[in-house]
Amino acid sequence: MTKSILIKAPRIYNGAADTATESAYVVVEGQHIVDVGAQQTLAENAAEQFSRCIELPDGTTLLPGLINMHTHLSFSASADLFDLQREESDATKMIRIVENMHAALSVGITTVRDCGTWPHLALPARDAVESGLLAGPRLITSGAVTTTGGHCWFCATEADSETEVRKAVRQHAKSGVDFIKLFATGGASTPGSNSLLSQYSTEELCAATEEARRAGKRTAAHAHATDGVRNAITARVTSIEHCSFLAEDGIGWEPDMVDEIVNAGIYVCPTVFRGANKFLDDPAIVPPQHVDLHRNRLQQRFALTNRLWRHGVQIVSGNDAGVAHCHITDFPGDLIATVEGAGLTPVAVLHSVGTTAAQALGRDDIGVIEAGRMADLLVVSGDPTTDIHAIAEPQMVFTRGEAIYG
Ligand SMILES: [Zn+2]
């Protein structure tokens, strides 16, 4: 007989609604949610009909497990990640990946979209979770494509022309990755790459997305420089990562392009994370002369995220876990920063890790608590729809109907 669990919750937030529902229940059968309703409609002896009944404590909220839309599971989250990526063996990277997956679950992340881990490492990790060998979040794996020596070349296939880009995308699709990550511009963590310039021509980026579409794969474009954002829009990627409109004087704003992003239904993951800003009073990590620089950069990121959201862009949340001073366990704190710093409402942030993230992934089986979806669930103390700090107070985590913590 399939195991069934009745979870009675003082409050449920389903990941898509505008408000939470008081005094509700969820029924989990096997890996799936099969029923959601109000406790008052339950029969007196309802609990007896299930293998297990969990009564969540007063003051807690049941919500969907978090979807972190931008991570690098094999990265060390240390300042020397570039050196480590080149020097560490695949075996060491794999240990790091598994460690990060366990850490993700412990803070309530039940799905991770990885934006740059070699497929020969990410795919076995994904499949181990799917087969039940490894307890971890679902992994949405990428095959990454960059220019020779370009941003993140140490975890991406290098391709320099329309023909090479097409071949790289085809190879990744053949290997079985879930989506294609395209490095449209340079970035910070790769010496020699330039965030202020695009890496690919419009034609090359369009060739990449055309091949991805042919293979039925979605695409995510890393784009800082305005030129790269423009190319990503033209190429109709599924999501733009960072979307900084970056120029010499910092993060910018291009209202016409943002209109196009909205009209095209392109998702944006603004990668709000505090990173080194958590250590501004620690001179060993942030030298005093760099404090203002770090603070200003984060403020610019906050302001951009707020404007994108107000403009109607579909926002998803990912914290770029793995880059320097940014751990996957920082994600709940970075969601709090998205409310307190970037000014999104708590519910908007919960959408960004719930229903909107699921839509961006093309997955109608996760991200929302409703009958038919997977039982990936998180229980927190407090009500995150009114006070986002609750998101950092996990009490229980379920993945595929199994209680992992709590
Ligand atoms: Zn990244």
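Reader: I'd like to start with helix 6. Which strands does helix 6 lie across?

Author: Keep in mind that this is a predicted model. Helix 6, residues 226-234, lies across strand 12 and strand 13 (239-246). Its direction makes an angle of about 160° with strand 12.

Reader: Okay, and strand 12 itself. How should I read the way strands pair?

Author: Here's the general idea: strands of a sheet pair through backbone hydrogen bonds, either parallel or antiparallel. Now the case here: strand 12 (residues 218-225) pairs with strand 11 (residues 179-183) in the parallel sense, over five bridges. If you want one spot to look at, find Leu-182, whose bridge partner in strand 12 is Ala-221.

Reader: What is the order of the strands in the open sheet?

Author: Read across the sheet, the order is 10-9-11-12-13-14-15, which makes seven strands, with parallel pairing. At the edges sit strand 10 (157-158) and strand 15 (314-315), and each of these pairs on one side only.

Reader: How many helices and strands does the protein have?

Author: The secondary structure comes to eleven helices and 18 strands.

Reader: Let's zoom out, then. Into which domains is the protein divided?

Author: There are two entries to mark on your view: domain 1 covers 4-64 + 367-405, while domain 2 covers 66-361. Taken over C-alpha atoms, the centres of domain 1 and domain 2 are 30 Å apart.

Reader: How many residues of each domain are in contact with the other?

Author: On one side, 21 residues of domain 1; on the other, 24 residues of domain 2. On the domain 1 side, strand 17 (394-399) and strand 18 (402-405) are the elements that give two or more residues. Strand 17 supplies the largest share, three residues. Sorted by class, that side of domain 1 has 13 nonpolar, six polar and two charged residues.

Reader: And the overall shape? Why does the radius of gyration agree with a compact globule?

Author: You compare the value with what the chain length would give. A compact globule of 406 residues would have a radius of gyration near 22 Å, and the protein has 21 Å, so the two agree. As for extent, the C-alpha trace spans about 65 × 45 × 45 Å along its principal axes.

Reader: What percentage of the residues is buried?

Author: Of the 406 residues, 54% are buried. You can also ask how far apart in the chain the contacting residues are. Among contacts with a separation of 6 or more, 70% come from residues 24 or more positions apart.

Technical notes
Residues are numbered from 1 along each chain as its sequence is written. This is a predicted model: local features need pLDDT of at least 70, side-chain atom pairs count only at pLDDT 80 or more; totals for chains, interfaces and linings use all residues. Domain bounds come from an automatic or database domain assignment. Two residues are in contact if their C-beta atoms, placed from the backbone, lie within 7 Å. Helices (H or I, at least four residues) and strands (E, at least two) are DSSP runs, numbered from the N terminus. Ala, Val, Leu, Ile, Met, Phe, Trp, Tyr, Cys and Pro count as nonpolar, Asp, Glu, Lys and Arg as charged, and the others, Gly among them, as polar. The radius of gyration is taken over C-alpha atoms; the globule rule is 2.2 Å times the number of residues to the power 0.38. A residue is buried if 20 or more other C-beta atoms lie within 10 Å of its own, exposed if 12 or fewer, and partly exposed in between; C-beta atoms are placed from the backbone. Two strands pair if DSSP finds at least two bridges between them. Axes are lines fitted to C-alpha atoms, for helices over the stretch in contact, and angles run from 0 to 180 degrees between N-to-C directions.
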